[in-house]
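User: I am in my first year and should like a close look at one part of this protein. Please take me through that part and its surroundings in a connected way.

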Amino acid sequence: MAFLKGWTVINLPEAQDITIGHTPYQPLPSSSPPSYIQPGYLINLLRNLPTANPHLETLQFSQPTSSELPIPIPPNISLARLASLGASDPEIAYPIFNLLITDLLSPGRPPIFLGLDGLAHAMQPGTGYTAPNLKPIHPHELMILEWYFRFLSGQQRLPNGGIVMAATSQSNAPKVPSLDLALSELEGSIVTRVGQSVPKKERNPFVRYDERVLNTLKTGGEVQVQRLQGLSKEEARGLMEYWAKSGMVRERVSEGFVGEKWAISGGGVVGELERAVVRMRV
């Protein structure tokens, strides 16, 4: 939807790739509290921005430049060219990223969609990276995540409008009690599609919670939680009957067929249901 509306989309597709510890990193000079940049990750992000956002070719860089920049910025350069320039050298990726974001947040620019997948990986107590004191670096000490969480928590605004969205799931996600508690406090007591109540979690006195996680998703802020679930059996049956009438399914859509495919699709996950029903034809 953001693409259709002409918004600028900046997506961090998998937080695990940021925290797993397989990209070069270095401390950010004069940062307090300590912060670490990942030039290789920033290069990939800058390289993908013009591809995902063709309208950056039509936007000219309009911010004043500092003499402290490692390279001179050509006049009348487009934001797409600026991003490509930052992606050409790891030494300039971080300052160019800052320049680009500053321009995108200036008045008159399109709204911004900020996305992050795999939120639980970014809320763990540590990462695969090690600080000079040989202790694991916290995810929020990684510059790209710290930057993202400023917007998610509401500490920094999107002046031209937009959406900040994070996603997590119960698959390929580490157990993070602090995240579970924060989401529970935001949700309160909700009722699922099948009528089952999800009780609000209480603080466990024997668990050490991460205040950085709780402050990012604190109650009373602007963060909202939406729980997504699979289709019910009735909804799944209706979708299968539509596929059958379209000629995409040759089997008879019986109760047994619906129950089997609904179960192996993880309880009605649409993508898995399509894989099980439409693509599993011999």
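Are Tyr148 and Phe149 buried or exposed? Please begin with these two residues and then describe what surrounds them.

Analyst: The structure is a predicted model, and every value below was computed from it. Tyr148 and Phe149 are both buried. Their rings form an aromatic pair with edge-to-face geometry, the centres being 5.5 Å apart and the planes at 65° to each other. This pair is one of 5 aromatic pairs counted in the structure. Elsewhere, Tyr25, Tyr36 and Tyr129 form one aromatic cluster.

The setting comes next. The chain contains 10 helices and 7 strands, and its C-alpha trace spans about 70 × 50 × 35 Å along the principal axes. Of its 282 residues, 41% count as buried. Among contacts with a separation of 6 or more, 65% join residues 24 or more positions apart.

The helix α5 covers residues 143-152, and it is one of the elements against which the buried residues of helix α4 pack. The others are β1 (8-12), α2 (39-52), α3 (79-86) and β4 (112-117). Helix α4 itself runs over residues 90-104. Its 15 residues, at 1.5 Å a residue, should span 21 Å, and its end C-alpha atoms are indeed 21 Å apart, so the two values agree. At the start of α4, a side-chain oxygen of Asp89 comes to within 3.0 Å of the backbone nitrogen of Glu91.

Which residues of α4 are buried? They are Ile92, Ala93, Pro95, Ile96, Phe97, Leu99, Leu100, Ile101, Asp103 and Leu104. A general point helps in reading such a list: an α-helix has 3.6 residues a turn, so residues three or four places apart point the same way.

Helices α4 and α5 also meet at an internal space. A search of the whole structure finds 1 cavity of 30 Å³ or more, and the largest cavity holds about 30 Å³ of space. Its lining consists of Ile10, Ile101, Leu104, Leu105, Ile112, Leu114, Trp147, Phe151 and Leu158. Each of α4, β4 and α5 supplies at least two residues of that lining. Ile101 and Leu104, named above among the buried residues of α4, are thus found again in the lining of this cavity.

Helix α5 takes part in a pocket as well. The second largest pocket contains about 410 Å³ of space. It is lined by 16 residues, of which His140, Glu146, Arg150, Gln155 and Thr216 are the closest to its centre. The elements that give two or more residues to the lining of this pocket are α5 and α7 (211-216).

Finally, the loop between β4 and α5 contains Thr127. Why does Thr127 count as buried? Its relative accessible area is 14%, and the residue is therefore classed as buried, since the cut-off is under 20%. The side chain of Thr127 has a polar atom 3.1 Å from the backbone nitrogen of Tyr129, a member of the aromatic cluster mentioned earlier. A polar atom of that side chain also lies 2.8 Å from the backbone oxygen of Ile137. Apart from neighbours within four places in sequence, Thr127 is in contact with Thr19, Pro136, Ile137, His138, Pro139 and Leu142.

How values were computed. Residues are numbered from 1 along each chain as its sequence is written. This is a predicted model: local features need pLDDT of at least 70, side-chain atom pairs count only at pLDDT 80 or more; totals for chains, interfaces and linings use all residues. Side-chain values use heavy atoms; hydrogens and water are left out. Helices (H or I, at least four residues) and strands (E, at least two) are DSSP runs, numbered from the N terminus. The expected span of a helix is 1.5 Å times one less than its number of residues. Buried means under 20% relative accessible area, exposed over 50%, partly exposed in between (1.4 Å probe, protein chains only). Contact means heavy atoms within 4.5 Å. A polar contact is a pair of N or O atoms within 3.5 Å; within protein, one must be able to donate a hydrogen and the other to accept it, and residues adjacent in sequence count only if both atoms are side-chain atoms. Rings of Phe, Tyr and Trp (its six-membered ring) pair if their centres lie within 6.5 Å; planes under 30 degrees apart count as stacked, over 60 as edge-to-face and the rest as tilted. On a 1 Å grid over the protein atoms alone, a cavity is a set of points where a 1.4 Å probe fits but cannot get out, and a pocket is an open set with protein on both sides within 12 Å along at least five of seven lines; lining residues have an atom within 4 Å of a point. Grid points are joined across faces, edges and corners, and a volume is the space filled by probe spheres set on the points.
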